[in-house]
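The following exercises concern a pocket and a single residue. Each task is followed by a stepwise solution.

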Amino acid sequence: MKRHSLQPAVFTWLVVMAALVAAVAAPGAFAQAGNPEVPKAKQTSLGLYLTAAEAYGKWRADPEHIKVLDVRTTEEYLFVGHAPMAWNVPLMSQTYQWNADKQSFAMQPNPDFVSQVMEFAGPSDTLLVMCRSGGRSAMAVNKLAEAGFTNVYQIVDGMEGDVITDPESVFKGQHLRNGWKNSGNPWTYEPEPRQMRFNTKETVE
């Protein structure tokens, strides 16, 4: 039987296509930059995304070298609950100034956010970043990327998960869909002061 060898260009094309198919089929494959499955407000410049369930699995596979970073406020970390292994460095702090336009209390940025993260992590370390549901964590990832971090994943559903939109549900409007707390991942109210950082500076506007 006569054998036909593949031309180098054809072989290279087949290898590339196989790699693309494998990437799309892999868990967390939606973790590609610009993928429409990730809402625009949750997309980051690094384009690395995980669900909370995937993030816990990734941390468990290498807990010595992977850090979970929680960028919610100190109050959220303490009173809503947190992942027991998570470091807490607030991207923003809660103020008690009412913002009538937004119908919410104003937040102020933490000017020491990046430097506080760098107290326990370096630019080449793997970080898995979460907030309540993925908005602030996206901003945090972008700030870290600007500072030279290259392996920072956005946990797209955060600690509490996405909002329930079913008009018939008694939980409509609450963050109870997916997220770290609703995915069977471990969480606690017990603080670990060694893993917490605080915003102690007032921002001048």
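**Exercise 1.** Which residues line the largest pocket?

*Solution.* The structure is a predicted model. Step one is to list the lining: E76, M107, C131, R132, S133, G135, R136 and M139 line the largest pocket. Step two is to sort these residues by class, which gives three nonpolar, two polar and three charged residues. Step three is to assign the lining to secondary structure: helix α5 (residues 135-146) supplies the largest share, three residues. Finally, the volume of the largest pocket is about 170 Å³.

**Exercise 2.** Determine whether S93 is buried or exposed, and describe its surroundings.

*Solution.* Step one is to locate the residue: S93 lies in strand β4 (residues 92-99). Step two is to apply the cut-off for burial, which is under 20% relative accessible area. S93 has a relative accessibility of 14% and therefore counts as buried. Step three is to identify the contacts of S93; leaving aside residues up to four places away in sequence, S93 touches T73, A106, M107, Q108 and N199. One of these contacts, M107, also belongs to the lining of the largest pocket. Step four is to consider a pair distance: 9.8 Å separates the C-alpha atoms of S93 and V71, which are 22 residues apart along the chain.

Terms used: Residues numbered from 1 in each chain as written. Predicted model: local features only at pLDDT ≥ 70, side-chain atom pairs only at ≥ 80, totals over all residues. Heavy atoms only, no water. 1 Å grid on protein atoms, 1.4 Å probe; cavity = no way out; pocket = protein on both sides within 12 Å on 5 of 7 lines; lining within 4 Å. Points joined across faces, edges and corners; volume = space filled by probe spheres on them. Helix = DSSP H or I, 4+ residues; strand = E, 2+ residues; numbered from the N terminus. Nonpolar A, V, L, I, M, F, W, Y, C, P; charged D, E, K, R; others polar. Buried < 20%, exposed > 50% of the residue type's maximum accessible area, 1.4 Å probe, protein only. Contact = heavy atoms within 4.5 Å.
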